Amino acid sequence: MDKNVKTRFDQYPDSARHQLSSLRSLIFQTAENLQSGAVEESLKWGEPSYSAKTGSPIRIGWKPDTPHNYYLFFNCNTKLVDTFRVLYGDVLAFQSNRAIVLNLSAVLPEPALRHCIELALTYKKRRHLLLLGA
């Protein structure tokens with residue numbers, strides 16, 4: 001884990017750190033399954049960020065003003081969240097066109113998240129496709 005990302009993870013409350021670690025693992029597992037090349041891990045806007053050459057960056061985070069939630073953030077200038085809303089509006093919650101909102105006490109909706117992460121990691125190849133080819 002990147003040293004700056006580890007420092008940030010260590011600052012999160014235990015419950016958030018556990019869930020964010022699960023998201024981090026899911027991002028790396030999905031990238032490995034896609035064989036999309038290396039995923040770069042860094043801090044962007046004070047939050048762990050993950051990017052691949054073929055995709056759009058994904059950030060993950062927790063906010064003290066919404067202590068029961070944690071987030072996957074996406075570039076709001078893409079059609080990623082709009083596509084996720086069409087595909088998984090009955091399973092996932094969203095914050096405008098920038099984030100998937102998850103509840104710390106709920107079970108991780110892994111199949112839906114894995115697909116959303118896949119679409120983000122391959123966004124540059126799919127951005128011209130209706131619903132990103134999903």
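This report describes helix packing, selected strand residues and two loop positions in a predicted model.

## Helix H2 against helix H4

Two packed helices are described by the angle between their axes and the distance between the axes. Helix H2, residues 14-34, packs against helix H4, residues 110-121, at an angle of about 60°, and their axes are 9 Å apart. H2 is therefore oblique to H4. The crossing in which H2 passes H4 is right-handed.

On the H2 side, the residues that meet H4 are Leu23, Leu26, Ile27, Gln29, Thr30, Ala31, Asn33 and Leu34. Their counterparts in H4 are Glu110, Leu113, Arg114, Ile117, Glu118 and Leu121. Sorted by class, this contact of H2 with H4 comprises eight nonpolar, three polar and three charged residues.

## Helix H3 against helix H4

Helix H4 also packs with helix H3, residues 80-88: the two axes come within 11 Å and cross at roughly 150°. Angles over 145 degrees count as roughly antiparallel, and H3 and H4 are therefore roughly antiparallel to each other. The crossing of H3 and H4 is right-handed.

H3 contributes Leu80, Phe84, Leu87 and Tyr88 to this contact, while H4 contributes Ala112, His115, Cys116, Leu119 and Ala120. By class, the contact of H3 with H4 has eight nonpolar residues, one polar residue and no charged residues.

## The buried side of helix H3

Within H3, the buried residues are Leu80, Val81, Thr83, Phe84 and Tyr88. These residues lie on the same side of H3, because they cover an arc of only 155° around the axis.

The buried residues of H3 pack against several elements. Among the partners are helix H4 and helix H5, the latter spanning residues 123-126. The strands they pack against are S4 (69-74), S5 and S6.

## Two buried residues of strand S2

Ser49 lies in strand S2. Ser49 counts as buried because its relative accessible area is 2%, against a limit of under 20% for that class. Apart from residues up to four places away in sequence, Ser49 touches Glu40, Glu41, Ser42 and Lys44, as well as Pro57, Ile58 and Arg59.

Tyr50 is also placed in strand S2, and is buried with a relative accessible area of 0%. With neighbours within four places in sequence left aside, the contacts of Tyr50 include Val5, Phe9, Arg24, Ile27 and Phe28. Tyr50 is further in contact with Val39, Glu40, Glu41, Ser56, Pro57, Ile58 and Ile60. Of these partners, Phe28 is 22 residues from Tyr50 in sequence and 8.8 Å from it in space, C-alpha to C-alpha.

## Tyr70 in strand S4

Tyr70 belongs to strand S4 and counts as buried, at 1% relative accessibility. If neighbours within four places in sequence are set aside, Tyr70 is in contact with Gln19, Leu20, Leu23 and Gly61. Its other contacts are Ile100, Val101, Leu102, Asn103, Leu104 and Leu108.

Leu23, one of the contacts of Tyr70, is also one of the H2 residues that meet H4. Tyr70 and Ala16 are 54 residues apart in sequence, and the distance between their C-alpha atoms is 6.9 Å.

## Thr7 in helix H1

Thr7 is located in helix H1, residues 3-11. With a relative accessibility of 42%, Thr7 counts as partly exposed. Thr7 and Asn75 are separated by 68 residues in sequence and by 24 Å in space, C-alpha to C-alpha.

## Loop residues with positive phi

Trp45 has a positive phi of about 55°, although it is not a glycine. Trp45 is placed in the loop between strand S1 (40-44) and strand S2 (47-51). Trp45 is exposed because its relative accessible area of 74% is over the limit of 50% for that class.

Ser96 is likewise not a glycine, yet has a positive phi of about 40°. The loop that holds Ser96 runs between strand S5 (93-95) and strand S6 (99-103). Ser96 counts as partly exposed, at 46% relative accessibility.

How values were computed. Residues are numbered from 1 along each chain as its sequence is written. This is a predicted model: local features need pLDDT of at least 70, side-chain atom pairs count only at pLDDT 80 or more; totals for chains, interfaces and linings use all residues. Side-chain values use heavy atoms; hydrogens and water are left out. Helices (H or I, at least four residues) and strands (E, at least two) are DSSP runs, numbered from the N terminus. Buried means under 20% relative accessible area, exposed over 50%, partly exposed in between (1.4 Å probe, protein chains only). Axes are lines fitted to C-alpha atoms, for helices over the stretch in contact, and angles run from 0 to 180 degrees between N-to-C directions. Angles under 35 degrees count as roughly parallel, over 145 as roughly antiparallel, 65 to 115 as roughly perpendicular and the rest as oblique. A crossing is left-handed if the near helix is turned anticlockwise from the far one by less than a right angle, and right-handed if clockwise. Contact means heavy atoms within 4.5 Å. Ala, Val, Leu, Ile, Met, Phe, Trp, Tyr, Cys and Pro count as nonpolar, Asp, Glu, Lys and Arg as charged, and the others, Gly among them, as polar. The arc is that of the directions from the helix axis to the C-beta atoms.
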